[in-house]
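Here is a quick tour of the model on your screen. Have the structure open and turn it as you read.

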Amino acid sequence: MTSVALAKDHDANVVNADVSFIRMSDPDVTFAELSAVETLLCSPRVSNGPVTETFEKAFAAYLGRKYAVAVPSGTIGLLLALKALGIGPGQDVIASPYSFRETVHAISLTGARTVFADVDYWSGALVPAKVEERITANTRAIVAGNPNGHPAPWSELRAIAQRHQLMLLEDSTEAIGSRYKGELVGRFGDIAVFDFAQPLALTCGEGGMVVTDDIDIAVGLLRHRAHRLDNRSSVVVSSAAPYQAGMSDLTAALGLAQLKRLDEILERRRLIEQLYNAHIQSFEGIKPPYIGPDVTEVNWFLYLVHLGTRFTRSSRDAIVDDLRIGHVEAAAYCHPMHLQRHYFEIGYRYGDLLVTEKIADRAVALPFHTHLTDNQIEFIVETMKDASINIGAGAAIY
């Protein structure tokens, strides 16, 4: 099938979405992406070629970082970052339990212990004072995220990391394009990790990127990621067993095309946010999404509605079910990490992180992508209002 036919099929799907199921996400794919993939498929080399390296250089330039290493996912990216820092068994890494993505599983994969700290009620980001309370002699690093695209308090977290001589890692898997004090997220950690899976603004199916300004860390990332064919006989390089965790050129070609259009994609998503904000104003008690005082710009990962304290976890789930019955895909934004079985088995219990549990029980993620129409968004909001009344809790409120 030609790229023209593929594009027509995609456009048809967008039109049909008005009368069928409204999905949580729908990638913003144009002829530019289709052409990039088609060109690569027609070339004599579709893997281990130059496209991935081109994507890495372009991504590093976009952020203003020196080095970028492409990986299969955000979780693998964080795993390679921790391995490059020599973090493993017997050491602690402080992280947030509040996220849509489960990137922090990488800490357990290294053999290190995950130490969760609680988050801010409004932003969902780690609270610096609560991070500092968790630091012990075994602590090696802090992994702080930008939840749902909202930047963490990086200046305070950096000060804590420096005071205790810890590495600061930035989980930007949900936040590409957001800015803190005028600077793009991905510039604040010693290492920062991005993810390119759906429903992110820049998506190439799967994939991720790790960025740093430290050449030693960059070399460590490359050694743990994969060995090039011409390095297999190197005594130095082959001393480390790699994960063979590279990115395919097909993925990189799609990612590179998306990166060139990123400003356009983010602008379209901001227009969708404005439509949501306009309709949600008629939903009694709902406030506009919170933006912290040092946050310059937020490019939301998902459109979140935070329900009030009179809502329970079960009523939140009932609202999600009602939306699905109405052909609207919705989801709980977060299932707290510390309550998932792996972490439950190492000692975490309900009540350990009260703020995380409180907001996680009442956050509903609604469809958020560039192909949504005004009519669809109005329908989504009205359906959610009706669902909140059906469960007997009235309108949503912070």
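## The small sheet

Strand 6 (179–180) and strand 7 (183–184) pair in the antiparallel sense over two bridges. Strands here are DSSP runs of E, at least two residues long, and helices are runs of H or I of at least four, both numbered from the N terminus; two strands pair if DSSP finds at least two bridges between them. One contact to look for is Arg179, which stands opposite Leu184 in strand 7. The whole sheet is open and antiparallel, with three strands in the order 7-6-10. Its edges are strand 7 and strand 10 (295–297), each of which pairs on one side only.

Before going on, some ground rules: this is a predicted model, where local features need pLDDT of at least 70, side-chain atom pairs count only at pLDDT 80 or more, and totals for chains, interfaces and linings use all residues. Residues are numbered from 1 along each chain as its sequence is written, and side-chain values use heavy atoms, with hydrogens and water left out.

## The seven-stranded sheet

The other sheet to look at is also open, but mixed: seven strands in the order 1-9-8-5-4-2-3. Strand 1 (67–71) and strand 3 (113–116) are the edges, pairing on one side only. Neighbouring strands are turned by 25 degrees against each other on average, direction ignored; axes are lines fitted to C-alpha atoms (for helices, over the stretch in contact), and angles run from 0 to 180 degrees between N-to-C directions.

At one end, strand 2 (residues 92–95) runs parallel to strand 3, joined by four bridges. Ala95 sits opposite Phe116 there.

## Helices on the sheet

Helix 3 (residues 51–63) packs on this sheet, touching strand 1, strand 8 (191–195) and strand 9 (208–212), and its direction makes about 130 degrees with that of strand 1. Contact means heavy atoms within 4.5 Å. Helix 8 (residues 215–225) lies across strand 1, strand 5 (167–171), strand 8 and strand 9, at about 20 degrees to strand 1.

## Empty space inside

There are six cavities of 30 Å³ or more. A cavity is a set of points on a 1 Å grid over the protein atoms alone where a 1.4 Å probe fits but cannot get out, and lining residues have an atom within 4 Å of a point. Points are joined across faces, edges and corners, and the volume is the space filled by probe spheres set on them.

The second largest has a volume of about 140 Å³. It is lined by 19 residues, and the closest to its centre are Ser96, Tyr98, Ser99, Gly145 and Asp171. Strand 4 (residues 139–145) gives the most to this lining, with three residues.

## Rings and odd backbone spots

The model has 16 aromatic pairs, meaning rings of Phe, Tyr and Trp (its six-membered ring) with centres within 6.5 Å; planes under 30 degrees apart count as stacked, over 60 as edge-to-face and the rest as tilted. Trp154 and Phe188 are stacked, at 6.0 Å centre to centre and 5 degrees between the planes.

Most residues other than glycine have a negative phi, and most peptide bonds are trans. Lys181, in the loop between strand 6 and strand 7, has a positive phi near 50 degrees. The bond from Gln198 to Pro199 is cis, with omega near 20 degrees, and Pro199 is in the loop between strand 8 and strand 9.

How values were computed: On a 1 Å grid over the protein atoms alone, a cavity is a set of points where a 1.4 Å probe fits but cannot get out, and a pocket is an open set with protein on both sides within 12 Å along at least five of seven lines; lining residues have an atom within 4 Å of a point.
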